[in-house]
Each structure stands twice: as structure tokens, then as C-alpha cells.
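Q: Please take a close look at a single part of this predicted model, a loop and the helix before it. Please then connect that part with other features of the chain in one continuous account.

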Amino acid sequence: MSRGGSLDALTGLRFFAALHVVLFHFARPALEPAPEWLRNFVGAGYSAVGVFFVLSGFVLAWNYLDVDGRMETGTRAFLVARAARVYPVYLLTFLLSAPPTVLASVADNGWKLACVKLAVGAVATLALVQAWVPRLTLYWNPPGWSVAVEGFFYALFPRLARWLPTLRPSRLPMLMGAVWVLGLTPPVLYLALRPDGPGALDAHSGGVWLSVVKFTPLARLPEFLFGVLLGWCFVRERAAGGTKGSGAVLASIGAALLVAAGAAGEWIPYPLMHNALLAPASGLLVYGLARGGGWLGWGLSRPLVVHLGAASYALYLLQYPAGEAAMKLERVLSPWVDLNTPLGWLGSVLLLAVPTSVLVHRYVETPLRSRVRKALQPWVDAEGAAGAARTGVSGA
């Protein structure tokens, strides 16, 4: 996010969205004495993934689209930049998740069947296609499913950029509304048809069809498209010099809606919360922060928060390996420190995950990003050379 400013507040937002997911997975037992609204809000941490999808579309539009909706870089350069951004940490956490995954599979299936299952799961996970297969979606490092979904979005983005210039900008609000409705269609149909039975309607139960609604890239695509269209609106508004004014109001309303929806608990059906219901609220928050965000933007732009936000991708993917490490740490320290309590468990996970994510961002993600881009640069240059050759032929 370097064109015309870093938009630090959006980077800071990433940390709190990732932390919300981590708390959803690890903090609920420790919050039993807490007020109901807080327990509900933490229990809705899965919805923060939808914030990431909207934010991802917004940031890609802001970084790569011009005012007409065209990409300002080649397709290969874009794909290389995305691969260099996501794959090094993804591969690291795949390897860190391998020992518990292998041991659990062998214990459940025996060596022969485990080898087959592990091979299929590993290939699907490394190829970023596990989200298309419900039984494989959470098989390896569970948070990796959303990276597979993002991989699909990245592959689609260059084609989307060829379609955007055909749209009338005046129709963008109506199109965003249509995309939002499209995103609500799978969970609404699920709630109406109940294909998995009446009991499969919360974050801890469900069947194959609920997994399809929750994790399949096509079902989550509207949230990303919503973010892309919103980001294009911002690009156009900024080019016209009109991005000042109501950023504080928009960000505050968006944040309030997200908190209120999370605190509402079971009043809002789980499939709707999991998917696209909160996309407009996320969009208000993101757009408002991009405009400055007022007091909220100021807080999210503090250097420490931005630093943690830059490491949020690593935090998101390291949460389960950190949980495994916390269990081992508890066994080692049990003669001296009792970590086998809900609060001790949460504290040990956070104390392992947050500092480790900062170190991984600095010493793995950042240097390997440059190396991957450098290694794949000949492939990018070949696209440029081919384009120059075509231009030369057509101009001859």
C-alpha cells in the first residue's frame, strides 16, 4: 500500500482482525466469567475472516487499479508479488503443522491409510486447493483454508480488471449492493433448506453442506468483489481529490456495527455471520480508515500497532502451531508453573504466537519475499518482452 501514502490504519486493523480470530479459537474458556456481550463478541471471531476478504479486495484495487479500473502492472508481476507475499509463511506453517498432523493421522488410521490421507492432504494444501474439498479444508493447518480462498481471488483479479473498465462508475453502488445480496444467497439458502439437518447451525457443528457454504472460494467471492469495487471507488475519489471529510464517521459506524453484530450472539444466524452479512459494515470501516478514520484511524496508525499489523499474516497462520507448542510448554513447566487453566492456556498461546509472528515477519516473510520475487523475475520479464514484441508487430 504505497501509492500516495501507506494507509497505516488498515495495516493496524489487520492485527486486531487476526487477534479476533485467535481469541475465537483459544480465549472462550477463559472468558466464562466475562459479560455475555464480550463472550458473544469473542465467539464471533470467525467473522473477522470476512473483514480480511473485504480488506484484501480493497487493498488490491488501491494498489493495482487506475481510475478506469485497469491494472497498472502485468499479470505475471502481480501473481509473483502475491506468491512472494503469502507462500513463504504459508509453507513454514505447513511444515510446523506436519508433526501433529502426521501423528494424529497415524493414531486414527494406521500407517498405510494414514500415508494415503496425508499425501492427498499435503498435495491439496500445498497447491492451495483444499478449500474446494470440504473434507480437506481444515485437514492440515486449519487457518490455511482462507489462504487457499485468497489464492483463488488472486488468480481471478487480473481477469476482473479487464471487466471493470466496461462498467459505468455511476452504477458502482448498485453493483456493490447486488454483490452483497449474491454473497448472502448461499447462507440464506442453507438456512432455508437445512441440508445438514436442524442441529448444524453453529460454529462447532455442521456437515458437508455447511462447509461448502463457509469455505468454498466461490461462496466467499462476493465479499472480495465487494472490497474490489469499494477500493476502485476510493481510487476514483482520491484521484478527484475528494477523500477528506467523513472518514471518522464512516469508520466509527463500521466498527460499531461489527462490534454490535458480534455481541448479539445467537440473535444473528451463524451462517449469515460467517459469510457476507457484515461486508457493508467492514466496507464502512475500511473506507473510513482509508479516508483517515479520525480517532480510530489515529489509534490504528500508531507505530507499534502498524508493526503488529505487518506481522498479522504470520500471527494468523501461526496460531495452531503456537497452540501445539503451548501444550508442550505446559508439560515442561508443570512442576513449577500451572498453565493448565483457561487463562494460563490463553496467555501461553499469545505469548508464543505474537512475538513469534513478529520474528517470522522480520526474518522469514520479508527476506524470502524479496528472494522469491527475484527468482521469478525472468518469468515476469518474459511477459514484458512478449508484450513489447506484439506491440512492435502491430505497429509495423
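**The loop after helix H6**

A: Arg194 is placed in the loop between helix H6 (172–193) and helix H7 (208–215). The structure is a predicted model, and every value below is computed from it. Arg194 has a positive phi of about 50 degrees, although this residue is not a glycine. Is Arg194 buried or partly exposed? Its relative accessible area is 35%. Buried means under 20% and exposed means over 50%, with partly exposed in between, and Arg194 therefore counts as partly exposed.

The helix that precedes this loop, H6, has 22 residues, which should span 32 Å at 1.5 Å a residue. The end C-alpha atoms of H6 are 32 Å apart, so the span agrees with that expectation. H6 nevertheless contains a kink of about 35 degrees at Thr185, shortly before the proline Pro186. Several residues of H6 are buried, including Leu172, Met176, Val179 and Gly183. Leu184, Pro187, Tyr190 and Leu191 of H6 are buried as well.

A further residue with a positive phi is Leu128, which is not a glycine and has a phi of about 60 degrees. Leu128 lies in the loop between H4 and helix H5 (144–163), and its position is just after H4. At 18% relative accessibility, under the limit of 20%, Leu128 counts as buried, whereas Arg194 is partly exposed at 35%.

The helix before Leu128 also invites a comparison of span. H4 covers residues 75–126 and has 52 residues. A straight helix would reach 76 Å at 1.5 Å a residue, but the end C-alpha atoms of H4 are only 22 Å apart. A kink of about 125 degrees is found in H4, centred on Gly110. For H6, by contrast, the end C-alpha atoms are 32 Å apart and the expected span is 32 Å.

The account now turns to charged side chains. Side chains of opposite charge can pair when their charged atoms come close. The structure holds 5 salt bridges. One of them joins Glu223 and Arg220, with the closest N and O atoms 2.6 Å apart. Glu223 and Arg220 lie in helix H8 (residues 217–239), where they are 3 residues apart, about one turn of the helix. Glu223 counts as buried at 3% relative accessibility, and Arg220 counts as buried at 0%.

Helix H8 also takes part in a pairing between distant parts of the chain. Arg291 forms a salt bridge with Glu237, and the closest N and O atoms are 2.4 Å apart. Arg291 is in the loop between helix H11 (279–290) and helix H12 (294–300), while Glu237 is in helix H8, and the two are 54 residues apart. Arg291 is buried, and Glu237 is buried too.

What is the setting of the salt bridge between Arg70 and Asp68, whose closest N and O atoms are 3.5 Å apart? Arg70 counts as partly exposed at 43% relative accessibility, and Asp68 counts as partly exposed at 38%. Elsewhere, Arg85, Glu365 and Arg369 are linked in a network of salt bridges.

Arginine side chains also meet aromatic rings. Arg28 lies over the face of Phe24, at 4.4 Å from the ring centre. The charged end of Arg82 sits over the ring of Tyr154, 5.4 Å from its centre.

Aromatic rings also pair with one another, and the structure holds 21 aromatic pairs. In one of them, the rings of Phe152 and Phe153 have centres 6.3 Å apart and planes at 55 degrees, so this pair is tilted. Phe153 is buried, with a relative accessible area of 0%. Phe152 and Phe153 belong to one aromatic cluster together with Phe53, Trp132, Trp145, Phe215 and Phe224.

Finally, the structure holds 0 disulfides. Among its cysteines, Cys115 is partly exposed, with a relative accessible area of 44%, whereas Cys233 counts as buried at 18%.

Key: Residues numbered from 1 in each chain as written. Predicted model: local features only at pLDDT ≥ 70, side-chain atom pairs only at ≥ 80, totals over all residues. Heavy atoms only, no water. Disulfide = S-S within 2.5 Å. Buried < 20%, exposed > 50% of the residue type's maximum accessible area, 1.4 Å probe, protein only. Helix = DSSP H or I, 4+ residues; strand = E, 2+ residues; numbered from the N terminus. Expected span 1.5 Å × (residues − 1). Bend = angle between axes of the 7 residues up to and from the residue. Phe/Tyr/Trp six-rings, centres within 6.5 Å; stacked < 30°, edge-to-face > 60°. Lys NZ or Arg CZ within 6 Å of the ring centre and 35° of its normal. Salt bridge = Lys/Arg side-chain N within 4 Å of Asp/Glu carboxyl O.
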